Amino acid sequence: MTTRFAEEELMSDTEKASQDDVVLSARGLSKAFGGQIVLNDISFTLKRGEVVLLRGENGSGKTTLLNILTGNLKPDAGELHFSVNSAREVFRWPRRWWQNLNPFDHFTPERIAWEGVGRVWQDIRLFPTMTVLDNVVLSSPKQAGENPVMALLRLGRINKEELYNEEKAGRWLNSLGLGERLHSSCDKISLGQMKRVAIARAVQAGAKILFLDEPLSGLDGVGVAEVMRYLDALVRTDGLTIVLVEHVFNIPRVLDLATTVWTLADGGLTVENTEAAQRSPRSDEGLRLHSWLNEVAGPDGKVVSRDLRGGVRLTTAIPKGTEDAPVALEVTDLVVRRGYRTVLDRFSICLRKGQLTLLESPNGWGKSTLLDAIAGVLPAQSGEIVFNGDQIHALAANRRIEKGMSYLRSREAVFGSLSIAEHQKLSRGTSVTFGENSHNGHIKANLLSGGQRQKLLIEMLPKAGMYLLDEPFIGLDSHSVSQYAEYLQQQIGGNKTIFMAMPETTNSPLRDMGGI
Amino acid sequence: MNYLLHLLIYLDIYLIVTMSLNLLMGYGGLLQVAHAAYYGIGAYVAALAMLKFGWGFFPAVGLAVVVAGILSLAVSLPAWRFRGDYFVMVSLAVQSVGYSLLYNWVDLTNGPFGLTGIPRPSIFGYEFDTIGAVTLFASVTAGMCILCTVLLLKSPWGRLLKAMRDDELAARSLGKNTRMAKLQAFMLACALVAVAGSLYATYVSYIDPTSFTLDESILMLSMVIVGGTGNIRGPLVGALILITLPELLRFVQIPDAVAANVRLMIYGLLLVLMAHFRPQGVSGTYRLQ
């Protein structure tokens, strides 16, 4: 399976120089799931120092392609050439049965990592029981101490190696501004810090090609700026090759760094440079949130913003005639704890019918905790919640839903082993339909992409008088974002109440661009 | 006094057992219920080497370690593919097969009648034939096994096991060979429990298959669960509690006819209470899933 290129010797010097820059190339990659073709005869090359933005609609195969390129999934057909290190490795499919018998020739994540390919997962996947430093030190390649015999018999050498790896990891983490969190447990740091640790971990593992799956999603403005600055430094000073998959909202930010744009559509891949991609209609994708709030308020309505403690901003779209509408939800002096930590301390808010309120807060402020407490998923220690004139803070979550609430949680709360049709049967009526799920009722939820799962969750939301939405647009493509925004606008027109939580973007250039 | 020394020897043996099981469960996240089978294999191989070939204790233990290490492939290879409940079922099958072999391979193991007259250990002509000497020998052996385990668990290899337990796919994506780590973890744990088995055989001088049943595996698991996993202290505390508790219950006035059942009920209650109020065990840091 491993082949050294014989044709290399026949190349001209120019071709050879250009070929030397190529770190990864794919020819004719194809992949289908249950007869549905996701990737169809895809070919591309990736050069040293290139920064690629990989984009596409929900279900277009972005994660599938990433999984293949990182050894987590085998394609049905095609070739992959890795040439990060001195020796070139070639993997071809379909494989002969006898090739699978060779235990040293498997296309596995660890084998691809040895080729200098790293991955930062969308859900981060740090080792939560370890410290920040241990997470990064662990990823150092070729550690003699990972052999138990050496660990017992060569203590001196192992200690020396550990010191070297710790020093190197410390340097990466310091450059990422995490020097003071080296000994913090990884489950006790913020989302932005976790993402930076994940990148440092992949780099320490020796990655020369880095695949990042939505590294900016869920980050607030400060977090986005920090991660982008670090990625920029990695490309400029360390010559890393980066492939980023990013959500539509963050695409304008990524285009500042990207040199190439790959677009997946209908199983095919289009490769463009950044300028061409920016000229294409797709560069307008993303919801202009604050313009949209103005649209929701209508020409005679108004949009009112106020800043709260902890960098939180509440913006309410008040259509004409709803200024003195009856109160739909009133939260007074709400105190919510998670373990020993008080997340919300005497929080109060009042929402009126026919209005849309947007809460923008930094990560870790407790926006999901607030929505969980209002919906009854998380108990509140004290305070009052009055919904349509009824005290509901003592009611269980299902009773609150029965009273007319509809709650979309931010996490991917689908049931992996159930099909789309079974999910739809579980729901109490559909509020909005995106279309594609109605044709694919038999597909299990664990085979859906992140965006498709979000669409399914939105489709499952029951019609209600009040919608609690935690990051509702996350993972959605531009068309679906527009479709859902339009639906929500109609709900406001129908005198419904919407309370939406999003990460704040105050310090992000995206706000200046009018997007989120 | 002899009674206390006898308890101390048992404690030494179970310290080795729980440390080895903690290596798999607490660090590797691999719930193994075939540990009694490997404990039995260690006891039988060492006993047979001493009885049939006239080997000394140390070469016999060496053979037991090698055999248990090789036979650990029966659980480590399926662990490459099976996870969670399915892996528990596989190890349960290995436990049943192991016990059946000890019980039914009469030509080799003497079946249900067991092996008698297993000699006490000796070193450079000195025979550990008094209970005091055996206690000293067992304590030194347990101390050495614990030291080796501590060194391993504090090393980068121990860290790799923890990473594999927390998120195997993430560890593999960092280039870590988790299959090899599983193989090594099972090999070491089975080799260690074989040492404990050999120690047991040479101390009691008589072994039969009933000492290596699924019940024994469950007792071993209980020790680790009660004491706690994910650190060095937990299994030591667990072994101490479950060795001393039945002895303490002897002093409680329970009619002989129901004493055994009452003890079992207390075990069960203890496990349920632990699972509810302190799932990480008395002294553990990792909460078993």
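In which sense do strand β9 and strand β10 of chain A pair, and over how many bridges? In this predicted model, strand β9 (residues 260-265) and strand β10 (residues 268-273) of chain A pair in the antiparallel sense, and six bridges hold the pairing. Leu264(A) has Leu269(A) of β10(A) standing opposite, and the hairpin that the two strands form has two residues between them, with Asp266(A) taking a positive phi near 50°.

## The sheet that contains the hairpin

β9 and β10 of chain A belong to an open sheet of six strands with mixed pairing, in which the order is β6-β7-β8-β3-β9-β10 (chain A). The edges of this sheet are β6 (117-120) and β10 of chain A, each of which pairs on one side only, and neighbouring strands are turned against each other by 20° on average when direction is ignored. Within the sheet, strand β7 (residues 209-213) and strand β8 (residues 241-245) of chain A run parallel and are joined by five bridges, and Ile209(A) has Thr241(A) as its bridge partner in β8(A). Helix α7 (residues 191-204) of chain A packs on this sheet, where it touches β6 and β7 of chain A, and the direction of the helix makes about 170° with that of β6(A).

## A second sheet in chain A

Another open sheet of six strands, again with mixed pairing, has the order β11-β12-β15-β20-β19-β18 (chain A). Its edge strands are β11 (302-308) and β18 (405-408) of chain A, each pairing on one side only, while the twist from one strand to the next averages 15°. At the β18(A) edge, four bridges join this strand to β19 (residues 466-470) of chain A, and the two strands run parallel; Met405(A) stands opposite Met466(A) of β19(A). Helix α11 (residues 289-297) of chain A lies across β11, β12 (312-318) and β15 (356-361) of chain A, and its direction runs at about 35° to β12(A).

The domain assignment of chain A gives domain 1 as 125-201 and domain 2 as 289-512, and the C-alpha centres of these two domains lie 38 Å apart.

## Helix pairs in chain B

Three helix pairs of chain B are set side by side below.

| Helix pair | Axes come within | Crossing angle, roughly |
|---|---|---|
| α1 (residues 2-27) and α7 (residues 131-154) of chain B | 9 Å | 15° |
| α2 (residues 35-52) and α3 (residues 57-71) of chain B | 8 Å | 140° |
| α2(B) and α11 (residues 214-227) of chain B | 7 Å | 110° |

With a crossing angle of roughly 15°, α1(B) and α7(B) are therefore roughly parallel to each other, and their crossing is left-handed. The residues of α1(B) that meet α7(B) include Leu5(B), Ile9(B), Ile16(B) and Tyr27(B), and those that α7(B) contributes include Val134(B), Ala138(B), Cys145(B) and Leu153(B). By class, this contact has 16 nonpolar, six polar and one charged residues.

The crossing of α2(B) and α3(B), at roughly 140°, is classed differently: the two helices are therefore oblique to each other, and the crossing is right-handed. Among the residues of α2(B) in this contact are Tyr38(B), Val45(B) and Met50(B), and among those of α3(B) are Phe57(B), Leu63(B) and Leu71(B). The class count here is 15 nonpolar, one polar and no charged residues.

For the third pair, the axes of α2(B) and α11(B) cross at roughly 110°, which makes α2(B) roughly perpendicular to α11(B). His35(B), Ala36(B) and Tyr39(B) in α2(B) meet Leu214(B), Glu216(B), Ser217(B) and Met220(B) in α11(B), a contact with four nonpolar, two polar and one charged residues.

## Where the chains meet

The contact between the chains takes 28 residues from chain A and 23 residues from chain B. On the side of chain A that touches chain B, the elements that give two or more residues are α3 (109-114), α4 (132-138), α5 (148-153) and α6 (155-175) of chain A, and the largest share, four residues, comes from α3(A). By class, this side of chain A has 14 nonpolar, seven polar and seven charged residues.

Conventions. Residues numbered from 1 in each chain as written. Chains lettered and ligands numbered in written order. Predicted model: local features only at pLDDT ≥ 70, side-chain atom pairs only at ≥ 80, totals over all residues. Pairing = 2+ DSSP bridges. Axes fitted to C-alpha atoms, helices over the stretch in contact; angles between N-to-C directions. Contact = placed C-beta atoms within 7 Å. Nonpolar A, V, L, I, M, F, W, Y, C, P; charged D, E, K, R; others polar. Parallel < 35°, antiparallel > 145°, perpendicular 65-115°, else oblique. Left-handed = near helix turned anticlockwise from the far one by under 90°. Domains from an automatic or database assignment.
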